[in-house]
Amino acid sequence: MLSELELTENDLLRPDVKAGIYEFRNGEQGKTTVEKLEFISHPLMGYDFKLFGSNLDKLYNEADRITG
């Protein structure tokens with residue numbers, strides 16, 4: 001799969017590296033809130049990027065309307 005995505009082993013996060021994953025949200029009155037995302041090991045493995053996913057859906061729908 002790495003070659004299909006044009007990635008190499010060097011692109012992967014090493015197991016000995018500790019990483020913090022944060023999501024930034026625009027709030028009221030120009031304030032930004034920061035939420036640390038926790039690693040989910042069950043039932044899936046990874047992080048739940050709710051904000052990223054919803055924004056990606058919006059962009060896809062807008063592009064589909066423009067090009068459709």
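**Entry 1: L51 and its contacts.** I began with L51 and looked up which residues it touches once those up to four places away in sequence are set aside, and I found E23, F24 and R25. I note here that I am working from a predicted model. L51 has its place in helix 1, which covers residues 50-67. I then took one of the touched residues, F24, and read the separation of its C-alpha atom from that of L51, which is 8.6 Å, although the two residues lie 27 apart along the chain. I also wanted to know whether L51 is buried or exposed. Its relative accessibility is 23%, and because buried requires a value under 20%, L51 counts as partly exposed.

**Entry 2: the aromatic pair.** Next I looked for aromatic pairs and found that the structure holds one. The pair is made by F39 and Y47, whose ring centres are 5.4 Å apart and whose planes stand at 75°, so I wrote it down as edge-to-face. The reasoning rests on the cut-off for the planes, since an angle over 60 degrees counts as edge-to-face. I checked the cover of both partners as well: F39 has 44% relative accessibility and counts as partly exposed, while Y47, at 29%, also counts as partly exposed.

**Entry 3: the elements.** I went on to ask which elements the protein chain has and in what order they run. There are one helix and two strands, and from the N terminus on the order is β-β-α.

**Entry 4: the overall form.** For the protein chain I noted a radius of gyration of 16 Å, whereas a compact globule of 68 residues would have one near 11 Å. Taken along the principal axes, the box filled by the C-alpha atoms is roughly 40 × 35 × 25 Å. I then looked up how much of the chain is buried, and the share is 4% of the 68 residues. Turning to contacts between residues at least 6 apart in sequence, I found that 22% of them join residues at least 24 apart.

**Entry 5: surface and charge.** Last, I turned to the surface, where the protein chain exposes about 6800 Å², with carbon and sulfur atoms supplying 55% of that area. For the charges I recorded 8 positive and 13 negative ones in the protein chain, and the mean positions of the two groups are 9 Å apart.

Definitions and conventions:
Residues numbered from 1 in each chain as written. Predicted model: local features only at pLDDT ≥ 70, side-chain atom pairs only at ≥ 80, totals over all residues. Heavy atoms only, no water. Helix = DSSP H or I, 4+ residues; strand = E, 2+ residues; numbered from the N terminus. Rg over C-alpha atoms; globule rule 2.2 N^0.38 Å. Buried < 20%, exposed > 50% of the residue type's maximum accessible area, 1.4 Å probe, protein only. Contact = heavy atoms within 4.5 Å. Areas by Shrake-Rupley, 256 points an atom, 1.4 Å probe, with all protein chains shown as cover. Lys, Arg positive; Asp, Glu negative; His and termini not counted. Charge placed at Lys NZ, Arg CZ, Asp CG, Glu CD. Phe/Tyr/Trp six-rings, centres within 6.5 Å; stacked < 30°, edge-to-face > 60°.
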